Amino acid sequence: MREIFAGLPWWVKWIAVPVIALVVFGGVIASVVGFVIGLLFKVLLFVALVGGLIYVVRKFMSSSTSRGDW
């Protein structure tokens, strides 16, 4: 493979080949990037919801113990 690229101009190695790879594998790359971004968003949403739940429960528990028994 190295011998094939050795005789080619620089613009073929650094411009044409990556552009062809993006055209051929662009859909796969886009779907993988979309999946990763969606997964990160869901993880961040999960962390925010769990953090909010813990905050509300601690706030409720501290306010209920400060009032004493009914």
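These legends describe views of a predicted model of one chain.

**View 1. The whole chain and its helices.** The chain holds two helices and zero strands. Its radius of gyration is 27 Å, whereas the globule rule gives 11 Å for 70 residues, so the chain is more spread out than a compact globule. The C-alpha trace spans about 85 × 20 × 15 Å along its principal axes.

**View 2. The surface of the chain.** Only 1% of the 70 residues count as buried. The exposed area of the chain is about 6600 Å². Carbon and sulfur atoms supply 79% of that area.

**View 3. Phenylalanine 5 in helix H1.** Helix H1 covers residues 2-6, and phenylalanine 5 is found in it. The relative accessible area of phenylalanine 5 is 27%; a residue counts as partly exposed between 20% and 50%, so phenylalanine 5 is partly exposed. Leaving out residues up to four places away in sequence, phenylalanine 5 touches Lys13 and Val17.

**View 4. Valine 33 in helix H2.** Helix H2 runs over residues 10-66 and includes valine 33. Valine 33 has a relative accessibility of 43%, which lies between the limits of 20% and 50%, so this residue also counts as partly exposed.

**View 5. Valine 33 and tryptophan 14.** Valine 33 and tryptophan 14 are 19 residues apart along the chain. A distance of 23 Å separates the C-alpha atoms of these two residues.

Key. Residues are numbered from 1 along each chain as its sequence is written. This is a predicted model: local features need pLDDT of at least 70, side-chain atom pairs count only at pLDDT 80 or more; totals for chains, interfaces and linings use all residues. Side-chain values use heavy atoms; hydrogens and water are left out. Helices (H or I, at least four residues) and strands (E, at least two) are DSSP runs, numbered from the N terminus. The radius of gyration is taken over C-alpha atoms; the globule rule is 2.2 Å times the number of residues to the power 0.38. Buried means under 20% relative accessible area, exposed over 50%, partly exposed in between (1.4 Å probe, protein chains only). Accessible areas come from the Shrake-Rupley method with a 1.4 Å probe; for residues, only the protein chains shown count as cover. Contact means heavy atoms within 4.5 Å.
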